[in-house]
Amino acid sequence: MPTQNSKPRPRPKGRVKTQNFLFEVTSEPLSVDSLVQTVLTSGDGAVVTFVGTVRDNNEGRDVIALEYEAYSDMAEAEMERIGIEMAEKWDLHGIAMRHRVGKLAVGEISVVIAASSSHRREAFEACSEALDLLKERVPVWKKEYYEDGTEWVGQGAG
């Protein structure tokens, strides 16, 4: 739980959870509420979330499932670097990112990002930019499952 009247500071290095920051790769189902509670402080006027889900189609093909693989230590470290960049750039009070690995069915949540700040604009911008950077820089790979086979479609989330 966040502490009263505190504004957490991004930390430059170390393990991936401190006060209102969290960066994690997990095989467990993702909870939006859990991340909102992680980033929320008493000074927030906004918490913005992004929830990426497995859709049932891609480029005209019916998708029946996705599988994500990651080098977890490297992925968490890069998510933390992105989080610190976003916190500093957008004056965030908290930011959290969780990415799922393993085989996921259509409709399951694959990634959640939450950002908190005094004002909504900063939280929206940070959440959007964090997702773009996560897809660009974090070592997570995606395999799509179709009725007639599978295909690795490269690095990227959501």
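User: Which elements are included in what covers the buried residues of α3?

Analyst: This is a predicted model, in which local features need pLDDT of at least 70, side-chain atom pairs count only at pLDDT 80 or more, and totals for chains, interfaces and linings use all residues. Residues are numbered from 1 along each chain as its sequence is written, and side-chain values use heavy atoms, with hydrogens and water left out. Buried means under 20% relative accessible area with a 1.4 Å probe, protein chains only; in α3 this holds for Ala123, Ala126, Cys127, Ala130, Leu131, Leu133 and Leu134. The cover of these residues includes β3, α2, β6 and β8.

User: Which element gives the most to the largest nonpolar core?

Analyst: A nonpolar core joins buried Ala, Val, Leu, Ile, Met, Phe, Trp, Tyr and Cys residues through side-chain atoms within 4.5 Å. The largest has 33 residues. Helices (H or I, at least four residues) and strands (E, at least two) are DSSP runs numbered from the N terminus, and the element giving the most, with seven residues, is α3.

User: How far apart are the end C-alpha atoms of α3?

Analyst: The expected span is 1.5 Å times one less than the number of residues. For the 18 residues of α3 it is 26 Å, which agrees with the end C-alpha separation of 25 Å.

User: Which residue lies over the face of Tyr146?

Analyst: A charge sits over a ring if NZ of Lys or CZ of Arg is within 6 Å of the ring centre and within 35 degrees of the ring normal. At 3.6 Å from the ring centre of Tyr146, the residue is Arg61.

Technical notes
Buried means under 20% relative accessible area, exposed over 50%, partly exposed in between (1.4 Å probe, protein chains only). Contact means heavy atoms within 4.5 Å.
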